[in-house]
Every structure is written in structure tokens, then in C-alpha cells.
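Here is a short briefing to read with the structure open beside you. It begins with the ligand and its surroundings, then turns to the cysteines.

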Amino acid sequence: MHHFQYRNGTLHAEEIGVPELAEKYGTPLYVYSAATLRRHFQAFDSAFNGLKHMTCYSVKANSNLSVLRLLAEMGAGMDIVSGGELYRALKAGVPASKIVYSGVGKKAQEIREALEADILMFNVESMAELERINKVAKSMGKVARVGFRINPDVDPKTHPYISTGMKKNKFGLDIEHSLKAYQRAKEMDAVEPVGMDCHIGSQLTTIEPFLEALDKLIAFYNRLKDMGISISYLDLGGGLGITYNEEEPPHPAEFGKALSEKLQELPLTVIFEPGRVISGNAGIMVTEVVYTKKTPSRDFVIVDAAMNDLIRPSLYDSYHRIAEVQQNGRDELTVDVVGPICESGDFLARDREMPAVHEGELLAVFSAGAYGFTMSSNYNSRRRACELLVDGDTVTVARARESYEDLVRGE
Ligand SMILES: *Cc1c(COP(=O)(O)O)cnc(C)c1O
């Protein structure tokens, strides 16, 4: 459920007509709905009400400060993957005690910054990283809380680029290496093993891979206990999918119920790192039709948003629903919706059936609230889009459109 609905044929973001927003702020334009963000966070977090848990929103999905602040106010923690995301999370007012840090390539400087802030824990992804964290913490006279990211070798049945928990992936440690890692960590003086972690992939549409991974983690937890290592946190990562087109992912309540049954008996605080399921359907991207173009083989709709604004269709061949902002009632055509960038891979949709559109009409690209703006770039010297946060009938400019000056800053 989201708060982008049609009223008398015009798309609204909560209480505000989208044409009004496009008129005032220009296109391409990202529009986020505060009510939707709150609703999604609430639905996810309350699915684990019966468990001691923390919901640490995955900053990389949508890291706009206005979005992070809204979630922080609801009590969210954050999952970060860089020093930049740490900076954002702290700036948004997230307590460091609710921040976990994942990622395979943490640099010494980033580790230092996280230790200075005193984050809850590092999800360590290699032996080399463990040594590095120990060294940095020691030099600062601190003890780093760590968990190891375990690669459970489970197929999440999602796009290969966003599968992360299979043997061949770069993420985490396999189970046998993990045992050695905990032993090594126990011997070190500047790290303290406090957790276990896994994140098997993104946009999962069934519960089974999560349950399969959880079973392996619970078995591992018991082996650790036998070795005399007791931990307090079990981080199950993110990855719950959303509906872009016809996917039917489990509702967070169903997900919560299935996992809680297995987790009930464990004396652990469970951490979740949802990203897409919180922000994905809480955002749309609005774009204007610049031209239509008919070639002997295809009908193109050329819009003012491109792969630099929303790369998911080009990168993952992802589907995003696209619809007119003002329903026009025309007959459907099969079109390619493309941007102005000089790449044939620059498209938002291919072979899409939609009502014929004309120059100057607005289109809404749905499900653009996660991995949309955060993956945007300046390719072709295009200025990054404006981001708005709508809350009822209030609009906040969450990020101003970049200027030409912004484009050359630092050059
Ligand atoms: C990307 C990522 C997430 C969030 O994934 P979603 O599919 O957006 O829920 C969580 N944890 C880690 C470690 C990640 O890399």
C-alpha cells in the first residue's frame, strides 16, 4: 500500500497533485511520501513485536537526510556500508548505538570514524578486515564490537547482481572459516565478538531462502556456544522484496511470523536491515515527455529522465510501472520509454504497452524510492534531480536540483 493514488484522473502524492509539483519544481523529479515511509516502517517493525529486535534501515536504499530523519524519529537504527553513510546517519540523528556497519572493503579511516562514533558493531566480512579492525581499535585504545557476516550458501532466487549469499559471491565468510574467525577474534585484545550476521540478497519474493539461511545460522550459533563463545546479536540482513509488477512477496507480517517461530527460544537480540521494503514503493520519479519518435521498427517515447537518474532498468533489466500523471484515456501502443543519454542501454521500459502520450505530458515511474536517486550519477553532465518529501499537504525540498555550478565543483 502506498499513498500515490489517482483522484479524478490526476495522480496525487498524498494530498498534493503531482502536476502542481512538476510545475513548481521541474522534472525529472523524485517524490517521496512520508505517510508511506511511516506505514512501511511500522508494518515491518511491528511484525517482530514479540521478539527483542532492532530494525536498522539500510541507508543505501535511500539515503536522503529527510528520509533518514523521518525513520530515525520512528526509532529506526541504520545499516551503513561506508563512511559517507555513517556521516549521513549521524547527521540525521540516529544514535550510534543503533548503527551496524557492513561491507567488504572498509578502509582504516572509515573504521576509525565508526569507532570514534562508537557504533553498535561491525559486520566483518574477511579475516583481513578483522586484523585491520583490531589494529585500528588498538591504536585508539578502544575495543571494537564485531559480528561476522556468514555466507550460508543459499540461493535467494533473485537477480545475480543482487544475490549475495552464495558460495561464489564476494560477501562474508563460509561457515568453516567463520569458526576460525571467532576463535581468532577471541584471542585479540581490541575486538569483542558480539554478533552473527548474514544478508543473502535483495528483492527476495519467497520466505524459504530466509528460513534456510536462518537454520544454518542457528546450527552455527550452537556450535559457537559449544566452543564457549556466546554472542548477543543475530543480524539477519535485509532483502525482503516488493511488488514492482506482478511479484507477490510475503507481507512483512507473514515474514515476521515465520521467522519469529524459529527465533523465539534464542536469547538474542535480532537485527534486521530492510531497505527496499521500507522505501521502494514510497517514491515515484516524475518525468516529462520531450518527444515521441516513430521508426520503422519501434515507437519511442523520449522523456527527460534517463539512466543517470534511475539505472535499475539498464543495470538489472528491472521493471518499473510507468503511467501518465494525468490519465488520458487514449488507446494503448507498444513503446520504448527512453532517456536523452547517448547509450542504447538508456531506457526506462522496453516493449511497454501504455496509452499513447504526447509531448509535454508527465509520466510517473513507480517504485522508485529505493535504489533510485542513490544510484544516480552525472553522466552526460546531467544535473541530478530534485527530491521532494510530501507529508499530507506539506512539501519539503529534500534535495534541491543540482545547478551547472554543482556539476563542475571541485574540477
Ligand atoms: C543492500 C543491503 C541491505 C538492504 O537490502 P534490501 O534488499 O534493500 O532490503 C541490507 N543489508 C546489507 C548488508 C546490504 O548490503
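**The ligand and its neighbours**

Around the ligand there are 15 residues, and those that come nearest are Lys 60, Ser 202, Glu 273, Arg 276 and Tyr 371. Please keep in mind that this is a predicted model. As for location, the ligand sits in the largest pocket.

**Polar contacts with the ligand**

- Lys 60 uses its side chain: an N or O atom there is 2.6 Å from an oxygen atom of the ligand.
- Gly 239 takes part through its backbone, with an N or O atom 2.8 Å from an oxygen atom of the ligand.
- His 199 faces a nitrogen atom of the ligand instead, and the distance from a polar atom of the His 199 side chain is 3.5 Å.

**Cover and make-up of the shell**

- The ligand would expose 390 Å² if taken alone, and the protein buries 94% of that area.
- In the shell around the ligand, eight residues are polar, five are charged and two are nonpolar.

**Cysteines**

- If you are looking for disulfides, the structure holds zero of them.
- Cys 342 has a relative accessibility of 65%, so this residue counts as exposed, because the cut-off for exposed is over 50%.
- Cys 386 has a relative accessibility of 3%, so this residue counts as buried, because the cut-off for buried is under 20%.

Definitions and conventions. Residues numbered from 1 in each chain as written. Predicted model: local features only at pLDDT ≥ 70, side-chain atom pairs only at ≥ 80, totals over all residues. Heavy atoms only, no water. Near = heavy atom within 4 Å. Polar contact = N/O pair within 3.5 Å; in protein donor to acceptor, adjacent residues only side chain to side chain. Areas by Shrake-Rupley, 256 points an atom, 1.4 Å probe, with all protein chains shown as cover. 1 Å grid on protein atoms, 1.4 Å probe; cavity = no way out; pocket = protein on both sides within 12 Å on 5 of 7 lines; lining within 4 Å. Sits in = over half its atoms within 2 Å of the grid points. Nonpolar A, V, L, I, M, F, W, Y, C, P; charged D, E, K, R; others polar. Disulfide = S-S within 2.5 Å. Buried < 20%, exposed > 50% of the residue type's maximum accessible area, 1.4 Å probe, protein only.
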